Amino acid sequence: MKIIEFNRLRLLPTPRYLVVVLITLFLFNFHSSYADEPLVKIGVSGRPFFQYVDRQGQFTGLDIELSKLIFNHAEINVQYLSYPWPRIVHLVKSGKLDVALSAADSDERREYAYFSGQTFRLGHTKMYTLSSNASKFKDISSLSQLKGIQTRLAVLRGASYSTEYDKLLNEPWFARNLVILDSPSRTLESLIKGRVDAFIGSEYDIQVWASEMGVVKELSSMFFLMSDKEAETHIMYSKASVPEQWVEKVDKSIAELKRSGIYEKTIQEFIESY
């Protein structure tokens, strides 16, 4: 009987053992609850000013700041992962990435993605050429007017620059003139090296790259590809991995942040500090 009682006593937790058990249970419950919270994996495409990894290895840029503001307000955890833009689109389509920032809405993409109802930011694009070659395009104000003009036009693989651009991709004459590249910065490099006659790019991206390369004076912008309405970009969510209610939750957060003035203030402060 005593032996049984002794064995029972040995099974009873000592105060130190009890503390360890309680800490373990606390940590388990903490991590379990954290794991149950929403988490989205966001692709970062490497665009100066908007979204990139800085020299300290930190994700930064206007898109990063806006996404942190939005998802923090929506109480959704985020993880940033760096990939080229074409790869991001592919991974969102397959569900291996949850989110792409500042994406153009299109019927093709809606087959595999949800889009935020709220505008993320404006994403104006322009056609650029060398100043020494600008006279060739002096009367051109739209992509469709390039028909009949021999033009090597550099574009980014998988990009949707405008409704007009998307439609022209089905035109043989337009498709023949395209030089498709995988890196946005290579479009400017190709122009400077004479490998193309013109390219399409984001006005903010090009300002930064042209300044860094010291070719601001050599570059000439031709025309905007879209109106402000068409320049609206959105958060793109993978249908394969993101519940639609998360999209609605984030939209509510964006709307509240815009009503409060915090959203526009964040954009202006970033522009002024860049």
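In this predicted model, the largest pocket has a lining of 46 residues, and those that lie nearest its centre are Ala104, Arg109, Ala159, Ser160 and Tyr161. Several elements give two or more residues each to this lining, namely the helices α4 (85-94), α5 (163-168), α7 (184-192) and α8 (203-213), together with the strands β5 (99-103), β11 (198-202) and β13 (232-238). Among these contributors, α4 gives the most, with five residues. The volume of the largest pocket comes to about 950 Å³, and its lining divides by residue class into 17 nonpolar, 17 polar and 12 charged residues.

The second largest pocket holds about 210 Å³ of space and is lined by 14 residues, of which Leu62, Arg121, Leu122, Tyr204 and Ile267 lie nearest the centre. Here the elements that give two or more residues to the lining are β7 (121-122), α8 and α10 (262-273), and α10 gives the most, with four residues. The helix α8 therefore appears in both lists, since it gives two or more residues to the lining of the largest pocket and two or more to that of the second largest pocket.

The residue classes of the two linings are set out below.

| Pocket | Nonpolar | Polar | Charged |
|---|---|---|---|
| Largest pocket | 17 residues | 17 residues | 12 residues |
| Second largest pocket | seven residues | four residues | three residues |

How values were computed
Residues are numbered from 1 along each chain as its sequence is written. This is a predicted model: local features need pLDDT of at least 70, side-chain atom pairs count only at pLDDT 80 or more; totals for chains, interfaces and linings use all residues. Side-chain values use heavy atoms; hydrogens and water are left out. On a 1 Å grid over the protein atoms alone, a cavity is a set of points where a 1.4 Å probe fits but cannot get out, and a pocket is an open set with protein on both sides within 12 Å along at least five of seven lines; lining residues have an atom within 4 Å of a point. Grid points are joined across faces, edges and corners, and a volume is the space filled by probe spheres set on the points. Ala, Val, Leu, Ile, Met, Phe, Trp, Tyr, Cys and Pro count as nonpolar, Asp, Glu, Lys and Arg as charged, and the others, Gly among them, as polar.
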